[in-house]
Amino acid sequence: MEDKYLMIQAMQPVQFSSAGRVETTKPFLHPTRNLDSYVLLIGIHGKMSIEQQGQPFDIVPGSTMLLKKDEDHRGLLFSDAPLSYYWFHFYLEDKYAEYLSHTQMNEQMVSMIQEPSSQTFSNHIYIPTFSKPTKIERLNILFNQLLDISQAGTHTYLAASYLMTSLLIELSNQTIESYTYEQKRHPSDHDLSHIIEWIRVHADQTQSVHAISDQFNYHPNYLSRQFKSQIGMSLQKYITLVKVTKAKDLLSRTRKSIRDISLSIGIEDEKYFMRLFKKSEGITPSEFRKAFYRIHLTDLEQAASHDNRQKTP
């Protein structure tokens with residue numbers, strides 16, 4: 001059986017071990033290891049190739065990978081440079097963990113769709129071995145909160161364990177949402193996934209309902225209705241959501257100025273960006289940034305090593 005998902009029975013938070021961010025400007029080969037903990041990786045820059053259970057995976061920006069407990073994993077190729085990725089280790093009692101095949105996961109999802117109320121009271125978290133979440137910025141923001149709180153000192157272990165569990169729940173929710181979106185989509189509905197991905201990838205450009213409609217040859221009113229029907233919000237609101245989420249990601253993990261971040265999400269008017277952000281989040285971009293200032297950074301250039309197979313997260 002090919003294990004595609006880890007199902008966690010979240011009767012209590014997972015146990016935090018450590019977390020950080022790797023940065024390197026040189027080619028890097030991930031070491032061969034077998035760990036007694038689970039590890040979640042999130043790609044930021046570059047590409048890192050890892051083999052697990054005989055299957056190759058390319059960790060690229062916007063992707064996540066679960067390194068399984070008690071399973072061998074090894075680097076396949078030297079990474080592209082520069083390379084950057086988040087990592088965190090967590091522990092989980094075996095009685096609360098179960099691996100699912102793709103077929104078993106489908107059965108779980110079908111059950112949820114048939115009984116929608118079960119999702120509200122479910123204590124199960126579903127973590128894919130490899131995924132490309134549509135809202136990766138939400139995971140990045142939570143990860144930076146985790147990095148910050150893991151360096152806080154007081155109640156670090158307890159707080160980090162709860163926040164780490166929240167991050168896993170977010171990844172699980174995105175996995176479930178992606179599945180239910182495909183299953184519930186009416187045959188007459190147009191597939192919006194390629195438009196959603198285009199909006200996310202081009203978040204650094206000026207976007208409008210009319211421009212996106214022209215890009216995909218739809219009438220603006222029709223496309224807006226499709227978004228409202230399938231996504232639950234208008235196209236304009238979705239564009240704003242993507243841009244604000246991208247801004248939060250940049251605020252939490254970079255030192256870019258507010259103006260540069262505004263330009264990075266396709267908004268030339270810095271003051272308009274600040275008003276938009278505060279309307280959405282209730283605080284200014286600067287106030288949001290103050291929540292993040294402690295980060296555990298693993299710089300591979302500075303780490304002592306005799307070869308490229310050093311122990312790294």
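Reader: Of the 313 residues of the protein, what share counts as buried?

Author: Happy to start there: 48% of the 313 residues count as buried. Buried means under 20% relative accessible area, exposed means over 50%, and partly exposed lies in between, with a 1.4 Å probe and protein chains only. Please keep in mind that this is a predicted model, where local features need pLDDT of at least 70 and side-chain atom pairs count only at pLDDT 80 or more, while totals for chains, interfaces and linings use all residues. Residues are numbered from 1 along each chain as its sequence is written, and side-chain values use heavy atoms, with hydrogens and water left out.

Reader: How confident is the predictor, going by the mean pLDDT of the protein?

Author: The mean pLDDT is 84, and 86% of the residues reach 70 or more; pLDDT is the predictor's confidence in each residue, from 0 to 100. Confidence is highest in strand β7 (residues 64–67), at a mean of 96, and lowest in strand β13 (residues 297–299), at 55. Over residues 303–312 pLDDT stays under 50, and the model has 19 contacts beyond four places in sequence for them. A contact here means heavy atoms within 4.5 Å.

Reader: How many helices and strands does the protein have?

Author: There are eleven helices and 13 strands. They are DSSP runs numbered from the N terminus: helices are H or I with at least four residues, and strands are E with at least two. As for contacts between residues at least 6 apart in sequence, 76% join residues at least 24 apart.

Reader: Now a single residue: why does Thr156 count as buried?

Author: Its relative accessibility is 14%, which is under the 20% limit, so Thr156 counts as buried. Thr156 belongs to helix α4 (residues 156–184). Not counting residues up to four places away in sequence, Thr156 touches Ile149 and Ser150.

Reader: And why does Pro82 count as exposed?

Author: Pro82 has 51% relative accessibility, over the 50% limit, and therefore counts as exposed. Pro82 sits in the loop between β8 (72–77) and β9 (83–91). Leaving aside neighbours within four places in sequence, Pro82 is in contact with Thr24, Thr25, His45 and Gly46. Thr24 is 58 residues from Pro82 along the chain, yet their C-alpha atoms are separated by 5.7 Å.

Reader: Why does Gln53 count as partly exposed?

Author: At 40%, Gln53 falls between the 20% and 50% limits, so partly exposed is the right label. The same reasoning serves Asp70, which counts as partly exposed because its relative accessibility is 46%. Gln53 lies in the loop between β5 (48–52) and β6 (55–59), and Asp70 in the loop between β7 and β8.

Reader: What is notable about the phi of Gln53, a residue other than glycine?

Author: Phi of Gln53 has a positive value, near 55°. Asp70 is not a glycine either, and its phi is positive at about 60°. For background, most residues other than glycine have a negative phi.

Reader: What makes a set of grid points a cavity and not a pocket?

Author: On a 1 Å grid over the protein atoms alone, a 1.4 Å probe fits in a cavity but cannot get out, while a pocket is an open set with protein on both sides within 12 Å along at least five of seven lines; lining residues have an atom within 4 Å of a point. This structure holds two cavities of 30 Å³ or more. The largest cavity has a volume of about 110 Å³, where a volume is the space filled by probe spheres set on the points, which are joined across faces, edges and corners.

Reader: Which element gives the most to the lining of the largest cavity?

Author: That is α8, with four residues. The lining includes Glu137, Arg200 and Tyr238.

Reader: Which residues of the second largest pocket's lining are the closest to its centre?

Author: The second largest pocket has a volume of about 320 Å³. Of its 16 lining residues, Pro61, Glu137, Arg200, Lys246 and Arg253 are the closest to the centre. By class, the lining has five nonpolar, five polar and six charged residues; Ala, Val, Leu, Ile, Met, Phe, Trp, Tyr, Cys and Pro count as nonpolar, Asp, Glu, Lys and Arg as charged, and the others, Gly among them, as polar.
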